[in-house]
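Please open the structure in your viewer and keep the selection tool at hand. We will go from one stop to the next, and at each stop you can select what is named and look around it.

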Amino acid sequence: MAAIKTIGVLTSGGDAPGMNAAIRAVTRSAIYNGMKVKGIFRGYKGLIEDEIVDLETHDVSNIIHHGGTILKTARCKEFKTVEGRQRAYENIKKHGIDALIVIGGDGSLSGARQFASEFDFPVVGLPGTIDNDLSGTDHTIGYDTALNTIMWCVDRIRDTASSHERLFFIEVMGREAGFLALYGALAGGAEAAIIPEISTEVDQLAELIQNGFRESKNSAIVLVAESPVTGGAMDLAERVRKEFPQYDVRVTILGHLQRGGTPTAQDRILASRMGAAAIDALLEGQRNIMIGDDDERIIYVPLSKAIRKDKTIDREILEKLKHLSK
Ligand code: ADP
Ligand code: F6P
């Protein structure tokens, strides 16, 4: 196997707090190990359009505490075509890049896997998404920060919900996954979470809400994961309003504020460990893997497994929510 002298690094898909810490760790670890680093702007778009620059140690100074990504990010339809990936490969060769580090979510890592197999090219993925929906890793970079942001928002909504004795539906991101909704509900002390992995009918929901109201309080907060399966918070609120007009219902959609902000210590640590591990993995001859964490340990996960969309959610937590909110 040829020695890796130059690596390329890019961020792709939805940005996530901690991506900068990951870029910093990748860059500094690579340089420490005698490699050159190329930063690729705007994810796969920049790879296709040749937006590639040298990254030196000082280029990643003072970024560990910033959300977003200094390399910018994008979604790129062209990379889903053979022609697009061919152009990307030509630019990789032009810049003498021997291995690629892709920081992104399941779409980005699906693209990475496709590229790696098509061109027999070494790729290492880092799980960078607030959704926490990559398999084979307990946490993704950005998830903890987003969760803390959600908790912060729920705390504030609780003040007004309890003052007005209202029922609030709060919609959170997560694409097809309910991690942010479920654990956001647990951290925020919400009455219920509606997530795509577990179906909740309106009558079940009403029971949960009534329990909350009856037992000890006159307000309730329900976190709803955005998803065609849950129908989202607006849809759910409309159904509840029709069937239970006694409740004064309000909806808050948290939206993109969940994606920004200073990364938490946990995300910075995870990103730093994973970024360094990506370089270690390449030096060990690992190819086409994602760096994951399993009970605090860094592990190597085949890309094919990481993108399988089969990460399980702990159903018991949903039960516990019921008991804890009574
Ligand atoms: P995320 O990585 O956050 O899940 P997306 O799903 O939007 O975000 O994917 C980011 C980018 O990854 C896409 O815009 C596209 O360029 C690339 N991508 C996604 N899926 C594939 C695929 N199956 N083949 C090639 N490239 C892909
Ligand atoms: O994957 C991250 C994510 O924030 C999802 O939770 C959400 O569904 C999506 O990206 C939103 O994408 P965009 O920023 O393109 O609206």
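This tour visits a pair of helices and then two ligands, in a model that is predicted.

**First stop: two helices**

Begin by selecting residues 82–94, which form helix α3, together with residues 106–119, which form helix α4. How do the two helices lie with respect to each other? Their axes come within 11 Å and cross at roughly 70 degrees, and because angles of 65 to 115 degrees count as roughly perpendicular, α3 and α4 are described as roughly perpendicular to each other. To see where they touch, show the side chains of Arg85, Gln86, Ala88, Tyr89 and Ile92 on α3, and those of Gln114, Phe115, Glu118 and Phe119 on α4, since these residues make the contact. If you colour the residues of this contact by character, you should find five nonpolar, two polar and two charged.

**Second stop: ligand 1**

Now select ligand 1, which is surrounded by 15 residues, the closest being Arg75, Cys76, Gly105, Gly107 and Ser108. Three places around ligand 1 deserve a slower look:

- At Ser108, a polar side-chain atom lies 2.5 Å from an oxygen atom of the ligand.
- At Cys76, a polar backbone atom is 2.6 Å from an oxygen atom of the ligand.
- At Arg175, a polar side-chain atom lies 3.2 Å from an oxygen atom of the ligand.

Taken alone, ligand 1 exposes 550 Å², and the protein buries 82% of that area.

**Third stop: ligand 2**

Finally, select ligand 2 and the residues that surround it, among them Arg75, Thr129, Met173, Glu226 and His256. Which residue places a polar side-chain atom 2.7 Å from an oxygen atom of ligand 2? That residue is Asp131, while a polar side-chain atom of Arg259 lies 2.8 Å from an oxygen atom of the ligand, and a polar backbone atom of Gly174 is 3.1 Å from an oxygen atom of ligand 2. Taken alone, ligand 2 exposes 400 Å², of which the protein buries 75%.

Methods
Residues are numbered from 1 along each chain as its sequence is written. Chains are lettered from A and ligands numbered from 1 in the order in which they are written. This is a predicted model: local features need pLDDT of at least 70, side-chain atom pairs count only at pLDDT 80 or more; totals for chains, interfaces and linings use all residues. Side-chain values use heavy atoms; hydrogens and water are left out. Axes are lines fitted to C-alpha atoms, for helices over the stretch in contact, and angles run from 0 to 180 degrees between N-to-C directions. Helices (H or I, at least four residues) and strands (E, at least two) are DSSP runs, numbered from the N terminus. Angles under 35 degrees count as roughly parallel, over 145 as roughly antiparallel, 65 to 115 as roughly perpendicular and the rest as oblique. Contact means heavy atoms within 4.5 Å. Ala, Val, Leu, Ile, Met, Phe, Trp, Tyr, Cys and Pro count as nonpolar, Asp, Glu, Lys and Arg as charged, and the others, Gly among them, as polar. A residue is near a molecule or strand if one of its heavy atoms lies within 4 Å of it. A polar contact is a pair of N or O atoms within 3.5 Å; within protein, one must be able to donate a hydrogen and the other to accept it, and residues adjacent in sequence count only if both atoms are side-chain atoms. Accessible areas come from the Shrake-Rupley method with a 1.4 Å probe; for residues, only the protein chains shown count as cover.
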